[in-house]
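Please go through the structure below with the sequence at hand. The exchange that accompanies it moves from confidence to individual elements and residues.

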Amino acid sequence: MSTKKLLLVSLIAGVALSAQAQPRISDDRDLKDIDLTGWDCLNRLEGSAKTPDGQERNRGKNRSAVDLAGLNVANLDWAGFRKLTEPFDLATKGRRRKDVGGAAKTQLESMEKQVVSVTGYLVLAYAGPPETTNCASVDFHDWHLEVFEKPADHPPHVGDPTPIICEVTPRTQKAIYAAGIRLLDIAGFMRRPDLTYEPTGHPAKKIRLTGYLLWDDDHNGSADIGPNIQSIGSNGYHNPWRATAWEMHPVFKIEVVDGSANAVPSNANTPPSSPSPSVAATTGAPAPEAAPQTVVIVEPVKIKIPYGETVLPRGLQLKLLSRDAQSVTVRYMETAVRLPLQSVEIR
């Protein structure tokens, strides 16, 4: 075989291997009014798992929301969640649920019956890949929410602490959407289907999530669990990527925490009465108009940010600060940014 043919065969094999390693991920950019009618996995709480422990895990993930009225729900902060789960983590380090018995199994069953609330900052959110939980569906997928103890103005980097993982499922998504929650409004960053990061245009919000505790022992190894991120893989994922194998799964309620510096204000679409000193120093822009106005990106535009460059995607909504004949000044990540007028629509 000629060298050229060998190179071609190698290239094809490499593309095929890459496609096999990275499953197709949903193009969904946010929660939606999902319709489960006709979904063949709806009544299969075990999903497509074949092993007893996989089926047990999936039944836990696929639980429905419960009525919270009169229910005594533990309200934990991020550290409180870790304090609750850490003793079990230490006793079962590196083990899977099929290897857990006796008192540990009794404790596991008791903990997985608990409904809890946890408060933290939603730095990153993204559509999960096809999983046995949802019968390997691309369209009916979980939403992965990476909840951190403190806010961050960048996607997860090497050296950053790892998050608690919380997941919205197809069975709980509709009610959360109906309650007015949009991930683009509360997450600092979204991960696209190609695994690159998309900034939402505002800091991560402090939120309270309520749902069931679940031990996802599929991720109970040192490659997945650790206190800090050690590396970023070639596929864009950070490793380790979680603080514990314990997660909230499913999440069936999300609230923005009132009174936090990063909470969504009741007049979220109304610009402040005057720009902050940093905005004035950066742009020299006059005080924004009193009438609430929003800028919608209609043409992707590249901008400078403190840690490099990013592209503001089509459809992103930002707060208008000022405008002139050629440009608009908007607030992005607590900074005033000037954009060409032709790249936006003012509403």
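The questions and answers below take up the model as a whole, then a sheet, two helices and some single residues.

Q: How confident is the predictor in the chain on average?
A: This is a predicted model, in which local features need pLDDT of at least 70 and side-chain atom pairs count only at pLDDT 80 or more, while totals for chains, interfaces and linings use all residues. Residues are numbered from 1 along each chain as its sequence is written, and side-chain values use heavy atoms, with hydrogens and water left out. pLDDT is the predictor's confidence in each residue, from 0 to 100; 82% of the residues score at least 70, and the chain averages a pLDDT of 84.

Q: How many contacts beyond four places in sequence does the model have for residues 259-291?
A: Where pLDDT is low, the predicted coordinates should not be read in detail. Over residues 6-20, pLDDT stays under 50, and the model has 2 contacts (heavy atoms within 4.5 Å) beyond four places in sequence there. Over residues 259-291 pLDDT also stays under 50, and the number of such contacts is 56.

Q: What percentage of the residues in the chain is buried?
A: The chain has 7 helices and 17 strands, which are DSSP runs numbered from the N terminus (helices H or I, at least four residues; strands E, at least two). Among contacts between residues at least 6 apart in sequence, 69% join residues at least 24 apart. Buried means under 20% relative accessible area, exposed over 50% and partly exposed in between, with a 1.4 Å probe and protein chains only; of the 347 residues in the chain, the buried share is 48%.

Q: Which strands stand at the edges of the open sheet?
A: The sheet has 5 strands in the order E16-E15-E14-E11-E17 with antiparallel pairing, where two strands pair if DSSP finds at least two bridges between them. One side of each edge strand is left without a neighbour in the sheet, because each has a single partner strand; these are E16 (335-340) and E17 (344-346).

Q: In E15, what is the bridge partner of Leu320?
A: Strand E14 (residues 317-323) and strand E15 (residues 327-332) pair in the antiparallel sense over 4 bridges, and a hairpin of 3 residues joins E14 to E15. Lys319 has Arg331 as its bridge partner in E15, while for Leu320 the partner in E15 is Val330.

Q: How many of the residues of E15 are buried?
A: E15 also pairs with E16 in the antiparallel sense, over 6 bridges, and Ser327 has as its bridge partner in E16 Pro340. Both faces of E15 are covered, with Ser327, Thr329 and Arg331 buried on one side and Val328, Val330 and Tyr332 buried on the other. The strand is therefore largely enclosed by the rest of the structure, the count of buried residues being 6 of the 6.

Q: Where does H3 bend?
A: At 1.5 Å a residue, the 14 residues of helix H3 (residues 78-91) should span 20 Å (1.5 Å times one less than the number of residues), which agrees with the 21 Å between its end C-alpha atoms. The bend, taken as the angle between axes fitted to the seven residues ending at a residue and the seven starting there, is about 40°, and Pro87 follows within four residues. The buried residues of H3 include Phe81, Phe88 and the residue at the bend, Thr85.

Q: Which strands are among those that cover the buried residues of H5?
A: In helix H5 (residues 170-178), the buried residues are Pro170, Arg171, Thr172, Gln173 and Ile176. Gly180 follows H5 with a positive phi, near 95°. The cover over the buried residues of H5 includes strands E3 (143-148), E4 (164-168) and E10 (246-256).

Q: Is Thr92 buried or exposed?
A: Thr92 lies in the loop between H3 and helix H4 (102-111). Not counting residues up to four places away in sequence, Thr92 touches Val100, Trp215 and Asn220. With a relative accessible area of 1%, Thr92 is buried.

Q: How far apart in space are Ile346 and Val296, C-alpha to C-alpha?
A: Ile346 belongs to strand E17 and counts as partly exposed, at 25% relative accessibility. Among the residues that Ile346 touches are Val295, Leu320 and Val328. Although Ile346 and Val296 are 50 residues apart in sequence, their C-alpha separation is 6.4 Å.
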